Amino acid sequence: MAQTRVAAASAPNDLESFWLPFTPNRGFKRAPRLIVRAKDMHYYTAAGGPAVLDGTAGLWCTNAGHNRDPIVAAIQRQAAELDFSPAFQFAHPKAFSLASRIAALAPGDLNRVFFCNSGSEACDTALKIALAYHHVRGEGTRTRLIGRERGYHGVGFGGISVGGMVNNRKFFGTLLTGVDHLPATYSREHQAFTKGEPEWGAHLADELERIVALHDASTIAAVIVEPMAGSTGVLPPPKGYLERVRAICDKHGILLIFDEVITGFGRLGHAFAAERYGVTPDLICFAKGVTSGAVPMGGVIARESLYDAFMRGPEHVIELFHGYTYSAHPLACAAGLAALDLYRDEKLFERAKKLEPVMADAAMMLKGLPGVLDVRTVGVAAGIDLASRPGAVGLRAYEAMERAFHDEDLVIRVGGETIAIAPPLIVSEAQIAEIFEKLAHVIRAVN
Ligand SMILES: Cc1ncc(COP(=O)(O)O)c(C=O)c1O
């Protein structure tokens, strides 16, 4: 028995044991998409085949490109110097350095940074901070959390409760109680084929007034939204929408959380989307791009006043009973500092802003192809909706992803019947053209 296990463990093609996340496992194991190496804009496959163009910055995370030398070197140095120090009651210097670098990038007085290890943890952390904030200020009746339909805030119980993706929710019981949802901001009828923020939809923010009237403000702790909903298909906020949400939250003493796990670190041409939209939330969730995807890391940036509200009571008592073994892990902090250096030195956020019209024009070339129902673009991101085949929702986009990889050497991301394109911010104009040319072939092929 033991011998069989050893043999199986060393077999290079044993695909059985690994249960892949958010993946149709049987389909994958029949025709695996294996990646063994990456550099800059490309992956390389196990077969030693051609370079595969990364159209999605990993999973919206490798904003500075893959295997960038300064990040690799920083991780290597850190691993040799300090692998781990306890995250509770102790700390290491790079945690402070990274926190202050992130605080400097964040808008307004958002300058206190709590670290965790993923976007899901960031969202659950922000929701917990919001609840605890009201509690420590003597407003413990504020326990409701408001999310939005088509929102994605990761896969923790908090995140799926405020999230609005039915398949991420329906299998997992009753979720958190006391949660309500704003309507999604997308309407194909009013917004199809829009570059940037659509004109239609700001009024949907007023639904928050209806929700407040129903539950009473005294029961509501926070609203959480993605400034641009990425995972449900690149849905930029309607013009004026976020301002209205902010104003209603202010009027009723409700905290506003921006989930910037995708929009943070340059995707929309700014360090954070809050800056692009001129709207300052009370808490920002971040992850992914903070290390350019090289080491798992997430976090929450809080307004100083919010942090200060916790800093009371005896000094030997923990102010927030929350944290993770790997909060501010030394390898993640080293990778984060190196990634932020790259973003600054290569002006990658400004680069994203310059590339926005190039992306938008290239993506709109898909309009008119068979089965293309909508194309949306914002920053260095595009969402393309395909028509479903009768009785097989999602199959066309799934096939598009398979064909893109196997036939066109291109990685795209699909969810439902939507294709998302969001390359690393180092993408060249020629590579943007290449991505959409390949995608046009694929879309024709799946018709
Ligand atoms: C907006 C948003 N929040 C949270 C998450 C969850 O992040 P993670 O997969 O790192 O837990 C994601 C992941 O795509 C996301 O897009």
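Which backbone atom lies 2.8 Å from an oxygen atom of the ligand? It is an N or O atom of G119. The legends below describe close-up views of a predicted model.

**View 1. Polar contacts of the ligand with G119, Y152 and D259**. Besides the backbone atom of G119 at 2.8 Å from a ligand oxygen, two residues approach nitrogen atoms of the ligand. For Y152, a polar backbone atom is 3.4 Å from a ligand nitrogen. For D259, a polar side-chain atom lies 2.7 Å from a nitrogen atom of the ligand. On its own the ligand has 390 Å² of accessible area, and the protein covers 82% of that area.

**View 2. The residue shell around the ligand**. The shell includes S118, G119 and S120, together with Y152, H153 and G154. Further along the chain, E226, S231, D259, V261, I262 and K288 also belong to the residues around the ligand. Sorted by class, the shell has six polar, three charged and three nonpolar residues.

**View 3. The second largest cavity, with Y152, H153 and G154 in its lining**. About 40 Å³ of space lies in this cavity. Y152, H153 and G154 are among the residues around the ligand, and the second largest cavity is also lined by G151, G159, I160, G163, G164, M165, N168 and R169. Helices α7 (157–162) and α8 (166–169) each supply at least two of the lining residues. The lining has seven polar, three nonpolar and one charged residues.

**View 4. The largest cavity**. The structure holds three cavities of 30 Å³ or more, and the largest contains about 50 Å³ of space. Its lining is made up of T185, Y186, Q191, T194, G196, P198, L235, P236 and R376. By class, the lining of the largest cavity has four nonpolar and four polar residues, with one charged residue.

**View 5. The second largest pocket**. Its volume is about 1,200 Å³. The lining comprises 32 residues, of which A87, V113, F114, Y307 and E319 are the closest to the pocket centre. Elements that each supply at least two residues of the lining are α5 (93–105), β4 (110–116), β10 (298–303) and α13 (304–310). Strand β4 gives the most, with five residues. The lining of the second largest pocket divides into 23 nonpolar, seven polar and two charged residues.

**View 6. The open four-stranded sheet**. The strand order is β1-β2-β3-β13, and the pairing is mixed. Strands β1 (35–39) and β13 (410–411) stand at the edges with a single partner strand each, so one side of each has no neighbour in the sheet. Strands of a sheet pair through backbone hydrogen bonds, either parallel or antiparallel.

**View 7. The pairing of β2 with β3**. Strands β2 (residues 42–45) and β3 (residues 51–54) run antiparallel and are joined by three bridges. Which residue of β3 stands opposite Y44? The residue opposite Y44 is A51.

Technical notes. Residues are numbered from 1 along each chain as its sequence is written. This is a predicted model: local features need pLDDT of at least 70, side-chain atom pairs count only at pLDDT 80 or more; totals for chains, interfaces and linings use all residues. Side-chain values use heavy atoms; hydrogens and water are left out. On a 1 Å grid over the protein atoms alone, a cavity is a set of points where a 1.4 Å probe fits but cannot get out, and a pocket is an open set with protein on both sides within 12 Å along at least five of seven lines; lining residues have an atom within 4 Å of a point. Grid points are joined across faces, edges and corners, and a volume is the space filled by probe spheres set on the points. Ala, Val, Leu, Ile, Met, Phe, Trp, Tyr, Cys and Pro count as nonpolar, Asp, Glu, Lys and Arg as charged, and the others, Gly among them, as polar. A residue is near a molecule or strand if one of its heavy atoms lies within 4 Å of it. A polar contact is a pair of N or O atoms within 3.5 Å; within protein, one must be able to donate a hydrogen and the other to accept it, and residues adjacent in sequence count only if both atoms are side-chain atoms. Accessible areas come from the Shrake-Rupley method with a 1.4 Å probe; for residues, only the protein chains shown count as cover. Two strands pair if DSSP finds at least two bridges between them.
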